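This report describes the fold and selected local geometry of a single protein. The sequence and coordinates are shown first.

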Amino acid sequence: MREKKEPGRTVGLSKRALVASKLITLAAGVTATCAIMAAPVPVQVFATSAGPVEITPIYHASAMIRAGGDTIYIDPAAPANISGLQPASLILITDIHPDHLDKSYISALSNQKTDIIAPAAVQATETAAKALGNGESLQWHNWKITAVPMYNIAHSLPNGMLAHTKGRGNGYVLSYGGKNFYFAGDTEGTPEMRALKNIDVAFIPMNLPYTMSPVEAADAVKAFKPKIVYPYHYHGQNLQEFADALKGTGIEVRILDWYSNIAPGAQPMQGPPPHMP
């Protein structure tokens with residue numbers, strides 16, 4: 001029987017049937033609907049000449065991208081809730097740290113058809129990955145994927161070492177249907193970032209001492225002028241400082257909650273994630 005809705009109540013199904021229907025929906029867990037429901041932040045949709053690109057924050061530095069029938073994950077890692085998400089067509093990993101490289105999450109989202117692209121330092125652990133070095137590009141389906149260096153310049157750990165050394169990790173520019181999407185990874189505002197051109201959408205980190213401050217992040221963004229910028233990988237930072245520093249530049253700042261989608265029973269991130277050089 002088709003369900004009919006009236007203001008304030010539902011007509012056409014008994015309460016018992018409604019409860020049963022909801023339980024069946026929750027139990028399915030593998031449908032496209034559940035794939036969207038698993039990440040509570042609203043999907044961000046971008047029009048391109050090849051069709052829409054849908055980007056959904058998952059947690060911290062993790063995101064899901066859907067376009068052209070493919071599902072791409074960037075840095076899937078604990079404590080994100082990935083229950084019910086569709087298997088990956090492609091997984092991109094940026095670095096060796098556990099908030100980016102989580103073998104159990106990679107395994108949970110993979111099947112026999114999943115491709116993995118990562119820096120060589122990640123390939124040493126995730127041997128199924130295809131290595132892509134800084135500055136290199138490849139074509140994957142309808143995507144051009146370019147690895148951008150990500151590293152620290154000025155900020156160091158308390159022991160004086162850099163959390164991210166040049167040449168080890170990748171940010172990525174993902175080009176599809178005439179649009180360019182940049183996921184910066186763990187980085188400061190490097191010369192390579194500041195030299196980027198024609199970026200439509202950028203995802204920029206900010207958390208000291210591992211990346212940069214909100215004001216430093218804004219200064220780097222001003223240099224390459226993306227049309228739209230999202231802060232991500234920002235736990236504990238004042239995002240309003242970032243937004244205020246970009247006022248009047250013509251760059252649209254979009255702030256989303258990247259920390260609400262926690263796996264059942266997992267502990268939310270309490271402080272900056274552990275980073276070892």
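Where does Asp75 lie? Asp75 is placed in the loop between β6 and β7; helices (DSSP runs of H or I, at least four residues) and strands (runs of E, at least two) are numbered from the N terminus.

The model is predicted: local features need pLDDT of at least 70, side-chain atom pairs count only at pLDDT 80 or more, and totals for chains, interfaces and linings use all residues. Residues are numbered from 1 along each chain as its sequence is written, and side-chain values use heavy atoms, with hydrogens and water left out.

**Overall composition**

The protein contains 7 helices and 16 strands. Of its 277 residues, 51% are buried, where buried means under 20% relative accessible area, exposed over 50%, and partly exposed in between (1.4 Å probe, protein chains only). About 12800 Å² of the protein is exposed, and carbon and sulfur atoms supply 55% of that area; accessible areas come from the Shrake-Rupley method with a 1.4 Å probe, and for residues only the protein chains shown count as cover. Among contacts (heavy atoms within 4.5 Å) between residues at least 6 apart in sequence, 59% join residues at least 24 apart.

**The seven-stranded sheet**

An open sheet of 7 strands runs in the order β10-β11-β12-β13-β14-β15-β16, and its pairing is mixed. Its edges are β10 (137–140) and β16 (252–253), each of which pairs on one side only; two strands pair if DSSP finds at least two bridges between them. β10 pairs with β11 (residues 143–150) in the antiparallel sense over 4 bridges. Ser137 has Thr146 in β11 as its bridge partner.

**Helix α6**

Helix α6 (residues 214–224) lies across β13 (179–183), β14 (201–205) and β15 (228–232), at about 155° to β14. Axes are lines fitted to C-alpha atoms, for helices over the stretch in contact, and angles run from 0 to 180 degrees between N-to-C directions. Which residues of α6 are buried? They are Pro214, Ala217, Ala218, Ala220, Val221 and Phe224. Seen down the axis of α6, these buried residues fall within an arc of 165°, so they line one face of the helix; the arc is that of the directions from the helix axis to the C-beta atoms. Their cover includes β13, α5 (191–194), β14, β15 and α7 (239–245).

**Backbone exceptions and a polar contact**

Most residues other than glycine have a negative phi, and most peptide bonds are trans. The table lists residues with a positive phi.

| Residue | Phi | Place |
|---|---|---|
| Asp75 | about 50° | loop between β6 and β7 |
| His141 | about 50° | loop between β10 and β11 |
| Lys225 | near 55° | follows α6 |

Asp75 is buried, with a relative accessible area of 0%, whereas His141 is partly exposed, at 47%. The loop between β6 (70–74) and β7 (90–92) also holds Pro79. The peptide bond from Ala78 to Pro79 is cis, with omega near 5°.

Arg168 lies in the loop between β11 and β12 (169–176). What is the relative accessible area of Arg168? The value is 13%, and Arg168 is buried. The side chain of Arg168 makes a polar contact with the side chain of Asp95 at 2.8 Å. A polar contact is a pair of N or O atoms within 3.5 Å; within protein, one must be able to donate a hydrogen and the other to accept it, and residues adjacent in sequence count only if both atoms are side-chain atoms.
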